[in-house]
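Student: Could you pick one part of this structure and take me through it slowly? I'd like to see how its pieces fit together.

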Amino acid sequence: MNVIFISVFLPLVGFFLSSLFSLTKFIGHHESGKEKLVGVLSTLMIAIPFGIFATLFASFNGEAQIATLYDWFAAGAMSIKVSYQLDSLSLFMAMIVTGVGSLIHLYSIGYMHGDEGFARFFAYLNLFIFAMLNLILADNMVLMFLGWEGVGLCSYLLIGFWYDRKFDGIGIATTTDAANKAFIMNRIGDFAMLAAMFLIFQKISALDYNSILSQKEAFDSTHIFWITLLIFIGCTGKSAQIPLYTWLPDAMAGPTPVSALIHAATMVTSGIYLTARLSPLFIMSPDTMNLIAVVGIATAFIAATIGLTQNDIKKVLAYSTVSQLGYMFLALGIGAFGSAIFHVTTHAFFKACLFLGSGSVIHALHEEQDIRKMGGLAKVMPQTHATFLVASLALAGFPLTAGFFSKDDVLAKTFESGNYLLWGVGLVTAFITAFYTMRLYTLTFLGEARYNTDKHPHESPALMTAPLWILGALSLVGGAIGLPAVIQEQNWIQSFLSSSVASVQAHHLEHSNEWILLGISSIVAILGLAASFSIYSKKTVHVEPEGVTTVLYRKYYIDELYDAAVVKPFQFLASRLLAPIDNRIIDGLVNGIGSSMVGLGGALKRWQTGVAQNYALVITIGLILLVGYIALT
Amino acid sequence: METVSFILFSFLGALVMVGSIGTVWSRNPVTSALFLVLNFFALGGIYLLLEAQFIAVVQVIVYAGAIMVLFLFTIMLLNLDDEQALKEKFDLQKGFGILLGGVLLVEVLYILGLKINLPQKSTTLTPVEIGEAKNIGRELITNFLFPFEIVSILLLLAVVGAIVLAKKNFSPNT
Amino acid sequence: MALHDLLLALPITFATLWTILLIVVEATAKRAQLTFSLTSVGFLILITMMLFPSEQGYAFGEMLRLSPYSQFANFVFALSGLLVITLSQSYLAKENIHFGEYYIIVFIATLGMMLMASAAHMVVLFIGLEIMSIALYVLAGIMRKDLRANEAAMKYFLLGAFSSGFFLYGISLIYGATGEMTLFKIGIYLQENSATSLFWIGLSLMMVGFLFKISAVPFHQWTPDVYEGSPTPSTALMSTASKAAAFTALITVVLNVSSQTENNSNWIFALSTIAVLTMVVGNIAALSQDNLKRMLAFSSIAHAGYMLVGIVAGSDAGYSAVLYYALVYSLMNIGAFGVIALIEQQRELTSASDYAGLFKEKPLLAGVMALFMLSLTGIPPFGGFIGKYKLFAAAVESGLSWLAVVGVLASAVSAYYYLRVVVFMFMREPQAENQFEGVVLNPTLVLIALLVFLLGIFPTGMLRFAGEAMKFAFNM
C-alpha cells in the first residue's frame, strides 16, 4: 500500500528540489545542460508515479483500498485522516493526471528553454501535480479540499507566471489581472464548497466519502438539494461553467503547457470528478441533476458559439474547453457518470495535444497567437501539423476518433434519457464544434503564409514533438476504452467504473437506434468540418464578421448559404448577444461585487477619524447597547 | 441616625458631583485641580459614612495629599495659565458625549431601580470592625497576600516604564 | 504563603523572580544585549516548564488556578514573548531605542498575561490585566521621539484606561450581585440563585473591557491607529499575545458563569452579533488599506471575530478551538509583523505596493511572508486552516451553522487583501533596483514559518493539548 504514498509525495519532493534549484539560481543564463537536469528530474517525479499507478492498474481487482498515512486532526467527535482511497475512479483519474502530466512536463523542457524562471516553472508544475493527486485520491472531503485549494493556488501562480507581460482580456490588462480574476472566481466556488462541507458535517459528523455515501439516507431532501447545489456551484468555479466560466479564457495568459495541463486536461475536470465521486448523493436530488444538465448544455452551446469568433489560437481552444466541459456536465446531469469520465479522458488527450500543438506554433512564430497572422504552416511544421490535425478531428468528433466515441456516448445517453431537446442542442453544438475546429486548423496550417516573412518558423525540437505524437496517437485510438455496445457488447470503461460511481440507467437502446445515432453524429461532424473547410480554405484574410460582406461576390453559392444560414447567425449571436452578456453582465457582476466591497471598505475608513474622543464615544454607544440588550431583556 | 446619615450622604454626594463637574468645567487648571481635591475629600467623607475609616483616611492622604500636590506642582511648573488655549468650544461631539452619558445613567438607574435581592455576607465582625486598619491589614496579608504581593510587580513596571519614557539621556546602551 | 503554593504556581513564581533578576542585572550591568539574553533564557525556561505535566490546583488560597488550561495559555504567551524579542533586536537598534528595559517590559507583560490566564479571583484577573496593559502602553510609546508613536501610546493609554474603568466597575457590580470575587464561587452562587440584573450589568461591563482588549467591533477603533504608530515588534506582541490573554481570561469568566449564559438566547444573540460585526467590519475595512500595518490591524480585528465564534459556540470544542487558534494566530501574525519590521527598519517601506518584486530579490523572505499570508487566509495545509476549521466546526456543532457560514464568507473576502501582498511580492517588478538591499532574513522567521506549517499538517498533538486543557480546566 505504501506505493500510493510514494506516488503522491514524489511530486512534492520534485517541488522542493526545483524550488531549491530556483532559490540557489542553479541555472545560469541559457545553461541548457542544467535545464535538462532539472526538467528531467521533475518529469521523473511525475513519470514514476505514473508507472506505479499503471502497475496498480494492471493488478487492480476492482476493490477499493484505503491507505492511511496518519490522523490529520480531530474536529469534534471525528478525526480527519490523511488517507488515500484507491478505487477504479480515482486510479483512473490518477493515471490520466500523471500520464498526461509527465508528457507535458517533457514538452515543457523544450518549451521553457531559456526562460529565466525555468526551475520555478517546474516547481509550480510539480506542486500542482501533488495537489491534484491529493484532490483525486483523498478519501475525505477535507483532504480533497486541500488539493482543491492547492490546484487553485498553483493555477493562480502559473497564470501569472509571466507577470510582466501584457494580456488583452475583458477588463484586464496584465497577466496578473487574469490570475486575480481566476482566483476570485474560484474563491466564490470554494466558499460554496466549504458551506456544503459544513452542511454534511452538521448532519452526519463525518466527511469521508465512505461515511457520506453509506449514511446518505440520513439527509432529507432539502438538505440533499442544498448540499448538492453548493457542491455543484463549487464545481462551476473550478470547471468553468456558467456563471463562473469567464476566468478560463483569460487564464490563457499563462505559458501554453500550463494551459494544456491545468486549464484543459486536469484541473478543470476536477469538478466532474467530484460530482462523479459523490454521484450517489447527486442522484438523490433530481432538481440538482436537471440544473447540472441544463447548465452543462447551455455552457457547451454558448462557449462553442463564442469560439467561432475568436482569433487568438489559445482563446479558441479555451472556449472549446469550456464547451467540452459543458458536455461532461450534461452527461453528469443526465446520470451518465461513466460517460462523463470517458469524455474527460479523451478530452484530456486531444485537448492537451491541441494546446501543445498551438504552443509549438506560437513558439515557432515568436509568441504570435493571432490565427489571422498564421497560415501555411503545414509545410514548415509537418509533425505539429499532423498531430494537430488528428487532435482536431478528435475534437470535432470525426468518426472513429477518440472524441467521436466519447461525444457520441454522451449524446446517445442523453437521447436515451429522453431529453430530446438537450440532445438536439448537443447535436447543434457538435456541429459548431466541428466548424470552429476546422476553421482553427485551416487558418493556422493551410493556405498562404500570412506571418511576417522574417519570422522563419521551424519545426519544434523532438522533446516537444514526441509528446505531441503520443497524445495524437491516443486521440486517435483512445476511444477504444469505451466502444459503443453495437461494436463491443461490454463497454469497458463503464463496467470498470461501475464499482465507484452510481448508475441510473437500466434500459438500453436498441442496436438499430444506436447505429442511427452513431450515423447522425458522424454526419453532423463531417458536415461541420466540410462546411468550415470549404469556407476557410478559400478565404484568406477576411475572417472577421464585418469582412463577410466584402467577400460575398467571390464565393460559391454554397459558401454564401453556409455563411448566411450558419456562420452569420451564430457569429451574430456570439458577438452581439452572448459576448456582451459575457463581458458586461457576468464580469460586471463579479467585478461589481469586488469593487463594492472595496468601496465599502473606503466608507468604513471615514469612521476611523483618528480622534480618541470619538472612539470613546463609539465605545460608549456599544456599552449602552450591550448593557441595554443583555441586562434589560 | 438614619436621617442624619441620609442628610450627610446627600450633602457629600452633592459635593462629589460639584467637584467632578467643576473639574471638567473649569478653564483654569489650578481651579480644576482644586475642584478635584474637593471631590476627593467628599468621597472620603462618603467612605466614612460607610464605616470604612481606613479607606477614608487613605483616600485623603494619598489622593488629596500626595497625588494632588504633585498635580498642582506640575501645573504650576508647566505654567498653564493661558486660559484661552484651554478653551474648548461646545461642539457637537461634546453634546453627544453628554447625551450618551445621560442615556447610560438612565439605563443603569432604571435597571438598578428594578427590585434586586442582594446576597448577604455572613461574618463575625461588625461593620465598624471590618473597616478598621487592623482587620484590613490582616486580610491583606492572609487571604489577599498574593494580590498584595503581585501589585508590587505592577509598581515595579510603572517605575521601569516611567524611566524608559522619561529617560533624559537618549543614547541607548548596547 | 506556604512553599507548596510557591511550587504549585511555579511558572508565576519563577517569572516574578526572574523579573527582579532582570531589573537588577539591567540596573547594574546596563547592557541591553545581556538583558536580551537573560530574558530569552527566562522565556525558554518558561516554555520548557510548560511542556511537562505538572500538578494542578488552587494556589494562594484560591487566588490562582493552575491547570493544563493555564499551562497551554502560558505556553502561548511565553512563546510569543520569545519570538517577539528575537525579532525586536535589530529593529530597536536601527530605531536607536535599544534599551534593556524593553525586554524587561515585554517579560513583565507576559507575566501579566500569565496572571490573567491563571486567575481564579477577579482581583488577580484585574491586576494581571493592568500589568499587561501598562506594559503595552509603555511598549507603544517607547519610540519617544516619534510623533506617531507618541500619539499611538497616548490613544492606547486613554482608551485603555477608559475600558479598564468599565472592567473594574463590572467586577464590583458582580461582587455586589453575588457577594463573591472568587470565580468558581460566583459560579456556585449562580447555579443556586438566579442572576439579577445587577449581575448582568456587571457582566456586560466586564465584557466591554474584554471586547476592547480583543478589539471587537465597536470597541475596535483604537486598533489601526495604535498598531500603525507603535514600533512594529511591539505591535506584534499587542496583536497576538495580549489578545490571546484576553481570550483565555474571557473563557475563564464565561465558563464560570456558564449556568447563566448557556442556552441564553439573549447572550448568544448579543455575542454572535458582535462576532459577525467584527468579522465583517474587520475584513471589509482591511480591503482598502494600503499600509500593511493598518491592514494587519484590521485583519487582527477580523481574527478576533473568528475567535469570538468559538466563544459563542460555548462548548468545550469551541473553547479549545479558540486556544488552538490563539496559538496559530499568534505565530502567523508575529511572523507577518516580523517580516514587516525587517523591511521597515531597512527601507521605511510599509505599503503593500512597496513589496513589489520582493520574490525576485529575496525569494526566501517572500516565500515566508507568502506562507503567513496564506495561513492567515485559511488555506490548507497551513495552521490557520485547521484553526478556522475547528472554530467553525464547533459553531456548527452548537447549532450555529449560520455563524459558520458568515465566517467562511468573511474569510473568503479576506483572501483578496492577503493575496494582494502575495501578488505584489511574486508578480510585480521591483520599484527600484536593489530595493531590498541590506534586508537580512531573520532565522526566527523561518522557524515560525516552519511551526505554522507543522501546525497545519501535524496538528493532532497540539489539538489534543488544547482539548485536554479544556477537559481539565474547571472540573475541580
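**A close look at chain C**

Tutor: Happily! In this predicted model, start with helix α14 of chain C, residues 265-287: at 1.5 Å a residue, its 23 residues should span 33 Å, and the end C-alpha atoms are indeed 33 Å apart, so the two values agree. Most of α14(C) is covered, with 17 of its 23 residues buried. Its N-terminal end is capped by N264(C), which places a side-chain oxygen 3.0 Å from the backbone nitrogen of N266(C).

Now let's turn to charged residues in this chain. Side chains of opposite charge can pair when their charged atoms come close. Here, salt bridges link R148(C), E151(C), K155(C), D225(C), E228(C) and R294(C) into a network.

Take one pair in it: K155(C) and D225(C) form a salt bridge, their closest N and O atoms being 2.8 Å apart. K155(C) sits in helix α7 (residues 147-178) and D225(C) in helix α10 (residues 222-229), so this pair ties together parts of chain C that are 70 residues apart in sequence. Buried means under 20% relative accessible area, so K155(C), at 6%, is buried, and D225(C), at 11%, is buried too.

Next, E228(C) forms a salt bridge with R294(C), where the closest N and O atoms are 2.6 Å apart. E228(C) lies in α10 and R294(C) in helix α15 (residues 292-313), so the pair ties together parts 66 residues apart in sequence. Both partners are again covered: E228(C) counts as buried at 17% relative accessibility, and R294(C) counts as buried at 15%.

How values were computed:
Residues are numbered from 1 along each chain as its sequence is written. Chains are lettered from A and ligands numbered from 1 in the order in which they are written. This is a predicted model: local features need pLDDT of at least 70, side-chain atom pairs count only at pLDDT 80 or more; totals for chains, interfaces and linings use all residues. Side-chain values use heavy atoms; hydrogens and water are left out. Helices (H or I, at least four residues) and strands (E, at least two) are DSSP runs, numbered from the N terminus. The expected span of a helix is 1.5 Å times one less than its number of residues. Buried means under 20% relative accessible area, exposed over 50%, partly exposed in between (1.4 Å probe, protein chains only). A polar contact is a pair of N or O atoms within 3.5 Å; within protein, one must be able to donate a hydrogen and the other to accept it, and residues adjacent in sequence count only if both atoms are side-chain atoms. A salt bridge is a side-chain nitrogen of Lys or Arg within 4 Å of a carboxyl oxygen of Asp or Glu.
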